[in-house]
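User: Please take a close look at the sheet in this structure. I should also like to see how the helix pairs pack and how the chain is built overall.

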Amino acid sequence: MPLRALHTLTDIAPENWDRLLPDDQPFLRHAFLLSLEESHSVRPESGWRSEHLVWQEAGQITAAIPGYRKHNSSGEYVFDHGWADACQRAGIRYYPKWLGAIPFSPVGGARLLGDAMAARQLLADLPDYLAQQGLSGAHINFTDAPADALLSEQPHWLERLGCQYHWLNHGYGDFQDFLATLMSRKRKQMRKEREQVAESGFTFGWYQGDELTETQWDFIYTCYANTYAVRGQRPYLTRHFFSLLAARMPEQIRVVIASLGEQPVAMAFYLVDSHTLYGRYWGCLAEFNHLHFETCFYQGMEYAIAHGLQRFDAGAQGEHKLVRGFEPQLTRSWHQLQHPGLREAVAQFLNEERAGVRAWAVEARESLPFRRGD
């Protein structure tokens, strides 16, 4: 079959995978996905088995979807736990399923990689692959517009909407330019939050991936893992992942470390491409008033302005971002379910959910802190 699965990215040369990518977004790169595998952050024991689907013609891979065989729904950020629970009550098998996504990263972008015609053929053959493999369905999360167009052409794909909040750089010269666009009360609130952090004695240092020592990476990982420990959970990523990523793609890593005196106390881990800053992980050794907002939001905004980046994606959820100028952005995922009854029930649910998400996005835009009418 022209459609086949790669169970590890070691089966394809980095240059052959990366030439399928439409841009320099870090999450799609061979180096990023392979680091997840080789660090055992992605592993069958945690419900993730690499199963990247590729379309091959004349011995050459012309299209691909990064993907995984899933035995749970953890780390996806498009929540289908309710569908799985309903299947269990009805005696319908929901796992394993196939997921086209970037693990643990609710970041929109290309999912159908390579030639559009080959990607269309891959999608057309996917239902047969699911049946042969005994998979309950396929799910492709956080798609871009080209993927949305192709998926909408295919039968039985169900569209799901979500909403995230991204900060957009509307040509600001500096942070004060941004503040000047806000209503007075919101502008004063942000200034007060930043002043309280500064008056408490915090300083902030920015680092590229190759500027950090292993000792600093130990600190970064401790902070990252602590965000899960306080909730009684295990972190998705292993310590080894950060070292692998720093060695393979340091130029796209940014870390800001917050220190109190000479002591590092918090960090935020970012990735960057030509247009966007992606805030991924945050952690601290102790709680300090407003430190999270400064480290994860305001520092990122300043960095985006200073480096001419168009967008700052600070991660999923977080309606508290609205009052700080993060604008609602609709996200899309697509779902093909093999069981006809389940597909019909989910289609009805998604029809109602889409209306609710669109209504919320309009309401959320009304909550933005920007000045109106002047």
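Analyst: The account below begins with the whole chain, turns to the sheet, and ends with two helix pairs.

The model is a predicted one. Its secondary structure comprises eleven helices and 15 strands. With a radius of gyration of 21 Å, close to the 21 Å given by the globule rule for 374 residues, the chain is therefore as compact as a globular protein of that length. The C-alpha trace extends over about 65 × 50 × 40 Å along its principal axes.

The sheet is open and contains eleven strands, in the order β2-β5-β6-β8-β15-β9-β14-β13-β12-β11-β10. Its pairing is mixed. In general, strands of a sheet pair through backbone hydrogen bonds, and they may do so in parallel or antiparallel fashion. The edges are formed by β2 (48-50) and β10 (202-208); each has a single partner strand, so one side of each is left without a neighbour in the sheet. From one strand to the next, the twist averages 30°.

Within this sheet, the pairing of β6 with β8 can be followed at residue level. Strand β6 covers residues 97-100 and strand β8 residues 137-141; the two run parallel and are joined by three bridges. One residue to inspect is W98, whose bridge partner in β8 is A138.

Among the helices, α4 (residues 116-133) packs on α5 (residues 145-153) at an angle of about 45°, and their axes are 10 Å apart. The two helices are therefore oblique to each other, and the crossing of α4 and α5 is right-handed. On the α4 side, A116, A119, R120 and L123 make the contact, meeting L150, L151 and E153 of α5. By class, this contact of α4 with α5 consists of five nonpolar and two charged residues, with no polar ones.

The second pair is α8 (residues 214-229) with α9 (residues 239-248), which pack at an angle of about 135° with their axes 10 Å apart. That angle makes α8 oblique to α9, because oblique includes values over 115 that do not exceed 145 degrees. The crossing of α8 and α9 is right-handed. Here E214, W217, D218, Y221 and Y224 of α8 meet R239, F242, S243 and A246 of α9. The residues of this contact of α8 with α9 fall into five nonpolar, one polar and three charged.

Notes: Residues are numbered from 1 along each chain as its sequence is written. This is a predicted model: local features need pLDDT of at least 70, side-chain atom pairs count only at pLDDT 80 or more; totals for chains, interfaces and linings use all residues. Side-chain values use heavy atoms; hydrogens and water are left out. Two strands pair if DSSP finds at least two bridges between them. Helices (H or I, at least four residues) and strands (E, at least two) are DSSP runs, numbered from the N terminus. Axes are lines fitted to C-alpha atoms, for helices over the stretch in contact, and angles run from 0 to 180 degrees between N-to-C directions. Angles under 35 degrees count as roughly parallel, over 145 as roughly antiparallel, 65 to 115 as roughly perpendicular and the rest as oblique. A crossing is left-handed if the near helix is turned anticlockwise from the far one by less than a right angle, and right-handed if clockwise. Contact means heavy atoms within 4.5 Å. Ala, Val, Leu, Ile, Met, Phe, Trp, Tyr, Cys and Pro count as nonpolar, Asp, Glu, Lys and Arg as charged, and the others, Gly among them, as polar. The radius of gyration is taken over C-alpha atoms; the globule rule is 2.2 Å times the number of residues to the power 0.38.
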